[in-house]
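This report describes one protein chain for a reader who has not met it before. It begins with the terms and the model, and then goes through selected parts of the fold.

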Amino acid sequence: MIQILENVDLQRYNTMAVPSVARFFCRATSVSELREALAWSQTQHTAQYVLGGGSNTLLDAEVNGLVIRPEISGWEVVGEDKDVVYVCAGAGVVWHTFVMECIENGYFGLENLALIPGHVGAAPIQNIGAYGVELKDVFHTLQAVNCESGELIELSKLQCEFGYRDSVFKGRYKNKQVITSVTFSLSKAPRVSVQYPALIEELAKSNVLTPTPRQVAEAVIRVRRRKLPAPETIPNAGSFFKNPVVCEDFALRLKAEYPQMPQYDAANKRKKLAAGWLIEQCGWKGRKAFGVKVHDKQALVITNPNRVDVGNILELAASIAADVKLKFDVSLEREPKLLSE
Ligand SMILES: Cc1cc2nc3c(=O)[nH]c(=O)nc-3n(C[C@H](O)[C@H](O)[C@H](O)COP(=O)(O)OP(=O)(O)OC[C@H]3O[C@@H](n4cnc5c(N)ncnc54)[C@H](O)[C@@H]3O)c2cc1C
């Protein structure tokens with residue numbers, strides 16, 4: 001049976017540590033509790049919001065509605081064939097713990113995604129990715145509850161419409177389905193993906209030529225710890241902007257003007273630019289404004305050391321985006337979304 005709490009402080013439930021109060025709040029530890037919570041918000045005619053680990057979400061000072069936190073725990077092997085193990089994890093499982101437990105058990109493919117904050121249930125929402133691997137590369141199916149009917153459905157990889165930091169849950173299914181579990185297709189053989197330059201460098205530093213999956217995960221963890229602030233000590237929401245993807249012609253013109261500009265191949269002959277580099281070129285790295293700060297080791301990360309309101313963060317983000325637009329004619333898109341958005 002769910003417990004609906006009133007006027008709950010959400011500051012500890014978001015990694016940006018913005019002050020925020022939910023009018024109503026509940027945890028759902030099973031599919032039936034989730035259905036109960038959704039039904040409650042329908043009968044009360046109140047809006048409902050889903051919050052996982054709060055590491056990719058910006059919270060308004062007041063959230064007028066019911067905030068549901070899916071806390072469905074545990075994972076299990078649900079099938080296997082000659083090469084692959086199918087592992088199903090509850091939406092409330094902490095992502096990094098899951099990654100490390102899979103490696104320990106000999107289920108491989110998640111190593112490059114180590115140390116990404118958040119819960120399993122949110123990982124498909126933006127098709128999390130790091131160091132050359134995306135969730136879609138190891139995704140099999142997911143289960144979700146329809147917010148209106150309470151029906152439990154299963155979606156395949158194709159139906160999730162994964163793209164760069166994107167999925168159907170940011171489009172057609174936005175606020176319409178709550179993910180309850182995700183099933184991964186993991187390799188029994190210890191295959192690794194080491195293509196990303198920072199990862200290659202890190203492994204080379206320790207003279208590891210043929211790394212094991214665990215060594216890859218450990219290298220990823222070391223690089224991330226060096227580059228990114230830990231939200232527990234310096235509140236942040238990771239990359240604040242997506243890397244912009246532009247057409248080839250425009251990328252060529254930019255390269256002619258700025259020969260140092262990093263550019264990477266993207267789908268459909270387009271080019272991906274490094275948002276952090278663009279921001280750094282505009283002089284924002286390490287700068288403070290509106291009570292918030294651009295991280296001094298990575299310009300793509302906005303930190304909130306003074307735990308100020310979301311409005312301040314949005315003002316800083318708008319100033320950064322305006323400068324990048326003016327200098328490069330490139331539009332930056334914010335990655336973390338407002339819960340009410
Ligand atoms: C330091 C740091 C580093 C990061 N590095 C990376 C990185 O390398 N790569 C990357 O891709 N991301 C990265 N992120 C972003 C973030 O960790 C991921 O997007 C993560 O998957 C968010 O999980 P969460 O549980 O915290 O989601 P939340 O922030 O709680 O939610 C995100 C969105 O998903 C929705 N949601 C949450 N759970 C569910 C559910 N069960 N069903 C339906 N909707 C749901 C929410 O309503 C919200 O819209 C980083 C963040 C931080 C703070």
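## Terms and model

Two strands are said to pair if DSSP finds at least two bridges between them. Helices (H or I, at least four residues) and strands (E, at least two) are DSSP runs, numbered from the N terminus.

This is a predicted model, in which local features need pLDDT of at least 70 and side-chain atom pairs count only at pLDDT 80 or more, while totals for chains, interfaces and linings use all residues. Residues are numbered from 1 along each chain as its sequence is written, and side-chain values use heavy atoms, with hydrogens and water left out.

## The chain as a whole

Eight helices and 20 strands make up the secondary structure of the chain. The chain has a radius of gyration of 20 Å, close to the 20 Å given by the globule rule for 341 residues, so it is as compact as a globular protein of that length. The radius is taken over C-alpha atoms, and the rule is 2.2 Å times the number of residues to the power 0.38. Along the principal axes, the C-alpha atoms fill a box of roughly 60 × 55 × 35 Å.

Of the 341 residues, 50% are buried. Buried means under 20% relative accessible area, exposed means over 50%, and partly exposed lies in between (1.4 Å probe, protein chains only). Contacts, meaning heavy atoms within 4.5 Å, often link distant parts of the sequence: among those with a separation of 6 or more, 62% are between residues 24 or more positions apart.

The accessible surface comes to about 16000 Å², and carbon and sulfur atoms hold 50% of it. Such areas come from the Shrake-Rupley method with a 1.4 Å probe; for residues, only the protein chains shown count as cover.

## Strand S7 and its partners

Strand S7 covers residues 84-90, and six of its seven residues are buried, so S7 is largely enclosed by the rest of the structure. Strand S6 (residues 75-80) runs antiparallel to S7 and is joined to it by five bridges. The two form a hairpin with three residues between them.

S7 also pairs with strand S12 (residues 177-187), again antiparallel, through seven bridges. Val87 serves as an example of a residue with partners in both strands: Val77 is its bridge partner in the S6 pairing, and Phe184 in S12 stands opposite Val87.

## Strand S10

Strand S10 (residues 139-146) has seven buried residues out of eight, so it is largely enclosed by the rest of the structure. Seven bridges connect S10 to S12 in an antiparallel arrangement, and in that pairing Ala144 has Ile179 as its bridge partner.

S10 is also antiparallel to strand S11 (residues 152-156), with five bridges between them. Here Leu142 is matched with Leu155. S10 and S11 form a hairpin with five residues between them, and Gly150 in the turn has a positive phi of about 80°.

## Helix H2 and the loop before it

In helix H2 (residues 95-104), the buried residues include Trp95, Phe98, Val99, Met100, Cys102 and Ile103. Their cover includes S6, S7, S12 and helix H5 (213-227). Just after H2, Gly106 has a positive phi of about 85°.

Val93 sits in the loop between S7 and H2. Its relative accessibility is 10%, so Val93 counts as buried. Beyond residues up to four places away in sequence, Val93 touches Ile72, Ser73, Gly74, Phe98, Gly118, His119 and Val120.

## A three-stranded sheet

An open, antiparallel sheet has the strand order S14-S16-S15. Strands S14 (245-246) and S15 (263-265) are at the edges with a single partner strand each, so one side of each has no neighbour in the sheet. Two bridges hold the antiparallel pairing of S14 with strand S16 (residues 271-273), where Val246 stands opposite Lys271.

## Positive phi outside glycine

Leu115 is not a glycine, yet its phi is positive at about 70°. Leu115 is in the loop between H2 and strand S8 (129-130) and is partly exposed, with a relative accessible area of 22%.

Glu161, also not a glycine, has a positive phi of about 50°. Glu161 lies in the loop between helix H3 (157-160) and S12, and at 42% relative accessibility it counts as partly exposed.
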